[in-house]
Amino acid sequence: MFNNFRKAATKEVYNDLTGHISSDAAVAIMFKVSYSTLLDAWSRSYEKEAPRRCEVILDALEELCMKRNSNVALNIAYYNITISAFARSEAKDAGSKAESILQRVEVLQASGYNIRPDLITFNSTLDAWAKSSEYEAASRAEALLLRMESLHEQNKLGFRPNHISYTTVINALAKSGGKDAAFKAEQLLLKMLQNYKQGNLDSKPNTVSFTSVIDAFAKCSSVDGPRKAEAILRLMERTYLEGNKDAEPNTVSYSAVVEAWARSKERDAHERAQKIVDEMITLERLGRSIRRNAVTYTSLINALARSKAPGKARKAQAILMEMDAMYRKGNIFLKPNMYVINGVLNACAFTLGPEVARKDATRILMNTLESMHQYGKPNQITYSIAFQAFSTLIKKHEEKAEVSAVVRTFFQQCCRDGLVDEAVFKKFRKAASKEVYHDLTGHIPSDADAIMFKDLPREWSFNVLHRAHHIKEKL
């Protein structure tokens, strides 16, 4: 639709709209064309310059309305569409541009023009800040929300922030990763709950509101993050059971808490993560809209890998096998992928303890590497963890000789895939026997004859996102 419209408008309308409005003929054309349609078409375009085009059209329209305001009136919808175009673009300066348009409307209102920002204007500007990568974008969104509240309390706004306003700022804070962002997001959620309980139905928190706060705590650096994430989940459950059906916890809500515990360094983190997964199984059987998926189990395996649980490699393998069995029975959400595989490899890599435990983990490592190709293609992380596992588990020279063929084959595959980065090569060097290392690199693994990463064949790393050609230190 957009391309056809633009082609049709190119000769008369498009040139006039993106140029200067000066002639009566241009004005006549302007009357025939739906400005909102043109703006909306550009705002929905994926072309990089779309927001700027909207702004040019808005400038032209505003100029026309001011000169001939008896015939064409200013309409807040035009400004809202332009703000939405910047928000949709996710450009770095989207927040600043959107707020400048909001301020422009406020200046026109103060100057006596019959126009004022509405809830869409503010919420679209908040959305632009939430999607912006500008410095302190989340803080700017939070400041705008506070200004909305203040203006409403002063009877200068005929509306108050609604659940979209609050949830958008919560999302911005969650995405920012700021030091206190998760706690600020929690306070906004609690304010929404309080407003809702006091009769403000527009402030009713929903699944997204709660889950965004959970996710913020899951990713924050605070040691209290996992417990806070779980506490928000419990509050969410209570809110749902008390009658707010819009706040029903879903798979993402529960999986975010599992991820929070997977990131935790607490001794019982794996047990806490397993408890959440068990709860998901129970709710699933009760008919709730919760389904375990690959993300859930990836986090669970990661929690297990970071724990000191005995036999964690075998337990991780058991989870992989359970997922595979359920997937083959028709559960498409539990198809194992390389993230799951990497988790199992990680559990092997960090298996400590007596020789019997290391040998068991080595067998699981070998089995996983042999069968993993049915789940996808290995990536840099896969290769890095695998070589880490070999170097951790294989301590004796004779043990290295036993797995040398696998290490050789795996590194050759890594080279063919073009995924040899610095970390992979360092770990390969530690994992490989002297013979394998020499055969594949032409060097021996000694300080006197070390090969530099920059000297490796370029084709070994053609699929690595950032190949450090400038690295000078010896590996």
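What percentage of the 475 residues of the protein chain count as buried? In this predicted model, the figure comes out at 51%. As for secondary structure, the chain is built with 22 helices and 0 strands. Contacts reach well along the sequence: taking pairs of residues at least 6 apart, 67% of the contacts join residues at least 24 apart.

Two pockets are worth a look. The largest pocket has a volume of about 640 Å³, and 29 residues line it. Nearest its centre sit Arg-306, Ser-307, Lys-308, Ala-309 and Lys-312. Several helices feed into this lining, with at least two residues coming from each of α13 (251-263), α14 (269-285), α15 (294-305), α16 (312-328) and α18 (355-371). Sorted by class, the lining of the largest pocket splits into 13 nonpolar, 7 polar and 9 charged residues.

The second largest pocket holds about 300 Å³ of space and has a lining of 20 residues. Here the residues nearest the centre are Glu-136, Ala-137, Ala-138, Ser-139 and Ser-176. The helices that each put at least two residues into the lining of this second pocket are α7 (119-131), α8 (137-153), α9 (163-176) and α10 (181-197). Of the contributors, α9 gives the most, with 4 residues. The class breakdown for the second largest pocket is 8 nonpolar, 6 polar and 6 charged residues.

Helix α19 (residues 380-393) makes a handy check on helix geometry. With 14 residues at 1.5 Å a residue, α19 should span 20 Å, and its end C-alpha atoms do lie 20 Å apart, so expectation and model agree. At the N-terminal end of α19, Asn-379 acts as a cap, with a side-chain oxygen 3.0 Å from the backbone nitrogen of Ile-381.

How much of α19 is buried? The count is 11 of the 14 residues, so the helix is largely enclosed by the rest of the structure. Burial here means under 20% relative accessible area. The buried set of α19 includes the aromatic residues Tyr-383, Phe-387 and Phe-390, along with Ile-385, Ala-386, Ala-389 and Leu-393. Thr-382, Ser-384, Ser-391 and Thr-392 are buried in α19 as well. In general, an α-helix has 3.6 residues a turn, so residues three or four places apart point the same way.

Technical notes: Residues are numbered from 1 along each chain as its sequence is written. This is a predicted model: local features need pLDDT of at least 70, side-chain atom pairs count only at pLDDT 80 or more; totals for chains, interfaces and linings use all residues. Side-chain values use heavy atoms; hydrogens and water are left out. The expected span of a helix is 1.5 Å times one less than its number of residues. Buried means under 20% relative accessible area, exposed over 50%, partly exposed in between (1.4 Å probe, protein chains only). A polar contact is a pair of N or O atoms within 3.5 Å; within protein, one must be able to donate a hydrogen and the other to accept it, and residues adjacent in sequence count only if both atoms are side-chain atoms. On a 1 Å grid over the protein atoms alone, a cavity is a set of points where a 1.4 Å probe fits but cannot get out, and a pocket is an open set with protein on both sides within 12 Å along at least five of seven lines; lining residues have an atom within 4 Å of a point. Grid points are joined across faces, edges and corners, and a volume is the space filled by probe spheres set on the points. Ala, Val, Leu, Ile, Met, Phe, Trp, Tyr, Cys and Pro count as nonpolar, Asp, Glu, Lys and Arg as charged, and the others, Gly among them, as polar. Contact means heavy atoms within 4.5 Å.
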